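The following note sets out several points for a colleague to check against the structure. Please read each point with the structure in view.

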Amino acid sequence: SPHDHNLNENAVTPQSDLSRPGRNFTIVTTASLPWFTGTSVNPLLRAAYLTRYTDQINKHDGVRRVTLVIPWLELEEDQQLLYGNHRFKTQQDQEAYIRNWLAEDAGMPDAASPETGLKIIF
């Protein structure tokens, strides 16, 4: 019947199954903290929740499977324009700021851990 056909179209496939053990995720965004916009906060939180989820479905095997790709603003003028008083000399400084916010303000220290949490690359 046509109704059964729609059910098959909505079926979870191996490619779309987020619960498949061993699966890796890369989230790419065009904005990052400390610019507090939906374009920066939503991908960060999505990556943090996926980190928790993949850790659970992979039985806490210690493999980091979620990577968040964020932009690096090299020019101090660009950082001042978007980040205000928050400026970073290095990508590591900005990453530390992001991880601190995720741990302290978002309450997700597990996902924020540089050793076992999500990966952040620029």
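How many residues does helix 2 have, and how far does helix 2 reach from its first C-alpha to its last?

1. Helix 2, length. The model under review is predicted. Within this predicted model, helix 2 has 20 residues. From its first C-alpha to its last, helix 2 reaches 28 Å, which is close to the 28 Å expected at 1.5 Å a residue. Helix 2 covers residues 38–57.

2. Helix 2, buried residues. The buried residues in helix 2 are S40, V41, P43, L44, A47, A48, L50, T51, T54 and I57. A general property of helices helps in reading such a list: an α-helix has 3.6 residues a turn, so residues three or four places apart point the same way. What covers the buried residues of helix 2? The cover includes strand 1, at residues 25–28, and strand 2, at residues 66–69. Helix 4 and helix 5 are also among the elements that cover these buried residues.

3. The residues after helix 2. K59 follows helix 2 and lies in the loop between helix 2 and strand 2. The phi angle of K59 is near 55°, a positive value in a residue other than glycine. H60 is placed in the loop between helix 2 and strand 2, and the phi of H60 is near 55°, again positive in a residue other than glycine. Are K59 and H60 buried or exposed? K59 counts as exposed because its relative accessibility is 69%, and H60 counts as exposed because its relative accessibility is 56%. The cut-off for exposed is over 50%.

4. The loop before helix 2. P34 is found in the loop between strand 1 and helix 2. A cis peptide bond joins L33 and P34, with omega at about 15°. L33 should also be noted for a second reason, as it is among the residues that line the largest cavity.

5. Salt bridges, the count. How many salt bridges does the model contain? The count comes to four. Three of these pairs are described in the next two points.

6. A salt bridge from helix 2 to helix 5. The side chains of R52 and D110 meet in a salt bridge, with N and O 2.8 Å apart. This pair links distant parts of the chain: R52 belongs to helix 2 and D110 to helix 5 (residues 109–112), with their positions 58 residues apart. R52 counts as partly exposed because its relative accessibility is 28%. D110 is partly exposed as well, with a relative accessible area of 40%.

7. Two further salt bridges. D61 forms a salt bridge with R65, and their closest N and O atoms are 2.9 Å apart. Which side of the accessibility scale does each partner fall on, buried or partly exposed? D61 counts as partly exposed because its relative accessibility is 39%, whereas R65 counts as buried because its relative accessibility is 10%. The cut-off for buried is under 20%. In another pair, R87 forms a salt bridge with E76, the closest N and O atoms being 3.8 Å apart. The R87 and E76 pair links distant parts of the chain, eleven residues apart: R87 is in the loop between helix 3 (76–83) and helix 4 (91–104), and E76 is in helix 3. R87 is partly exposed, with a relative accessible area of 35%.

8. The cavity. Rolling a probe the size of a water molecule over the atoms shows where empty space is left. A search of the whole structure finds one cavity of 30 Å³ or more. The largest cavity has a volume of about 30 Å³. Its lining consists of A31, S32, L33, S40, L44, L68, I70 and I98. By class, this lining has six nonpolar residues, two polar residues and no charged residues. Two residues of the cavity lining, S40 and L44, also appear among the buried residues of helix 2.

9. The pocket. About 230 Å³ of space lies in the largest pocket. Of the 16 residues that line the largest pocket, the closest to its centre are T51, R52, D55, T116 and G117. Which elements give two or more residues to this lining? They are helix 2 and helix 5. Helix 2 supplies the largest share, five residues. By class, the lining of the largest pocket has four nonpolar, seven polar and five charged residues. R52, which is among the residues closest to the centre of the pocket, also forms the salt bridge with D110.

Key
Residues numbered from 1 in each chain as written. Predicted model: local features only at pLDDT ≥ 70, side-chain atom pairs only at ≥ 80, totals over all residues. Heavy atoms only, no water. Helix = DSSP H or I, 4+ residues; strand = E, 2+ residues; numbered from the N terminus. Buried < 20%, exposed > 50% of the residue type's maximum accessible area, 1.4 Å probe, protein only. Expected span 1.5 Å × (residues − 1). Contact = heavy atoms within 4.5 Å. 1 Å grid on protein atoms, 1.4 Å probe; cavity = no way out; pocket = protein on both sides within 12 Å on 5 of 7 lines; lining within 4 Å. Points joined across faces, edges and corners; volume = space filled by probe spheres on them. Nonpolar A, V, L, I, M, F, W, Y, C, P; charged D, E, K, R; others polar.
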